[in-house]
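Hi everyone, and thanks for making time this morning. I'd like to walk you through a structure that may be new to you, so please have a look at it while I talk.

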Amino acid sequence: MCDKSVLLVTRSSLLVFLSCLIWHASARAQSCGVWNVTTPAELTTAITDACTAGGGIVKIAAGNYAINNPITICSNVTLEGGYDGTFTIKSSLTGTSTISRSGQNPEGGPSQERLVAFYVNTASNFRFQDLTIETVDATGNGMSTYAIHITNCNNYDITRCQLLPGNGSLGADGTIGPTGIDGGVGGNGETGSIDGSCCTA
């Protein structure tokens with residue numbers, strides 16, 4: 001919680017304090033720009049709220065978080081795993097907080113599909129820390145997998161994370177080539193040899 005004594009200092013401190021007491025119906029309470037989550041639904045909602053607020057820290061309790069759609073991260077957001085259920089003890093052990101992207105709802109056209117756990121597009125000052133992020137293996141032809149798909153970003157950190165995209169699939173079969181052109185006319189054969197002239201006893 002914010003220190004109530006700041007209320008005695010300035011009016012801006014009051015605004016900061018009030019902003020620390022937001023409650024979202026489908027996510028855990030956040031305090032001073034920090035969201036604590038323990039379920040996949042809380043994870044997606046907290047990230048959305050943090051982006052709306054212009055940034056923040058999303059603390060993720062130990063466990064496996066199954067997601068069926070990609071999640072987009074924006075600037076100034078930190079995702080940090082490894083916390084216990086009270087968010088007072090933290091571990092950096094690999095796999096403590098795992099986010100698993102299922103094979104549902106792939107994106108892209110036929111033979112150009114992709115499975116993505118996290119998108120980050122044109123963002124900066126974001127951070128992934130103490131997380132395992134994985135996707136299932138690709139299904140069908142021409143599908144790629146991405147734990148984190150980053151485009152046009154700068155000033156970010158990926159710290160003590162395990163990124164495990166699944167195996168991509170084979171490309172689609174190519175189209176059948178056109179029938180080749182007719183071959184040229186063969187040349188005249190050579191004169192044959194006299195019977196028996198090729199061999200000696």
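I'll start with the whole protein and then visit some individual places in it.

One thing to keep in mind first: this is a predicted model. The protein has 201 residues, and 31% of them count as buried. Its secondary structure comes to two helices and 13 strands. What about the surface? The protein exposes about 12,000 Å², with carbon and sulfur atoms supplying 53% of that area. And here is a number about how the chain meets itself: take the contacts between residues at least 6 apart in sequence, and 60% of them join residues at least 24 apart.

Let's go to a helix. Helix α2 covers residues 40–52, which makes 13 residues. How far apart should its ends be? At 1.5 Å a residue, the expected span is 18 Å, and the end C-alpha atoms are 19 Å apart, so the model agrees with the expectation. Several α2 residues are buried: Glu 42, Leu 43, Thr 45, Ala 46, Ile 47, Asp 49 and Ala 50. After the helix comes Gly 54, with a positive phi near 90°.

Staying with phi for a moment, two residues have a positive value although they are not glycines. Asn 76 has a phi of about 65°, and Thr 122 has one of about 50°. Where do they sit? Asn 76 belongs to the loop between β5, residues 71–73, and β6, residues 77–83. Thr 122 is in the loop between β8, residues 114–121, and β9. Are they buried or exposed? Asn 76 counts as partly exposed, because its relative accessibility is 38%, while Thr 122 reaches 59% and therefore counts as exposed.

Now please find strand β9, residues 127–129, which holds Phe 128. How accessible is Phe 128? Its relative accessible area is 0%, so Phe 128 is buried. Look at what surrounds that side of the strand. Leaving out neighbours within four places in sequence, Phe 128 is in contact with Ile 73, Leu 79, Phe 118, Val 120, Ile 133, Ile 148, Asp 157, Ile 158, Thr 159 and Cys 161. There is also a nice example of sequence distance against spatial distance here: Phe 128 and Thr 78 are 50 residues apart along the sequence, and their C-alpha atoms are 6.0 Å apart.

Gln 129 is also in β9. With a relative accessible area of 10%, Gln 129 falls under the 20% cut-off and so counts as buried. Its contacts, again leaving aside neighbours within four places, are Leu 79, Glu 80, Gly 81, Lys 90, Thr 159, Arg 160 and Cys 161.

Glu 80 on that list is worth a stop of its own. Glu 80 is part of strand β6, and at 13% relative accessibility it counts as buried. Which residues does Glu 80 contact, once those within four places in sequence are set aside? They are Ile 57, Val 58, Lys 59, Ile 60, Lys 90, Gln 129, Asp 130 and Leu 131. One of these, Ile 57, is 23 residues from Glu 80 along the chain, and the two C-alpha atoms are separated by 7.4 Å.

Asp 130 and Leu 131 bring us to the empty space in the model. How many cavities of 30 Å³ or more does a search of the whole structure find? The search finds one. The largest cavity has about 60 Å³ of space in it. Its lining has 14 residues, and those nearest the centre are Leu 93, Thr 94, Gly 95, Asp 130 and Leu 131. By character, the lining divides into three nonpolar, nine polar and two charged residues.

My last stop is Val 136, in the loop between β10, residues 132–135, and β11, residues 144–151. Val 136 has 35% relative accessibility and so counts as partly exposed. Not counting residues up to four places away in sequence, Val 136 touches Arg 101, Ser 102, Gly 103, Leu 115, Thr 145 and Gly 166. Its C-alpha atom is 9.9 Å from that of Ala 147, which is 11 residues away along the chain.

That's the end of my tour, and I'm happy to go back to any of these places with you.

Methods. Residues numbered from 1 in each chain as written. Predicted model: local features only at pLDDT ≥ 70, side-chain atom pairs only at ≥ 80, totals over all residues. Heavy atoms only, no water. Helix = DSSP H or I, 4+ residues; strand = E, 2+ residues; numbered from the N terminus. Buried < 20%, exposed > 50% of the residue type's maximum accessible area, 1.4 Å probe, protein only. Contact = heavy atoms within 4.5 Å. Expected span 1.5 Å × (residues − 1). Areas by Shrake-Rupley, 256 points an atom, 1.4 Å probe, with all protein chains shown as cover. 1 Å grid on protein atoms, 1.4 Å probe; cavity = no way out; pocket = protein on both sides within 12 Å on 5 of 7 lines; lining within 4 Å. Points joined across faces, edges and corners; volume = space filled by probe spheres on them. Nonpolar A, V, L, I, M, F, W, Y, C, P; charged D, E, K, R; others polar.
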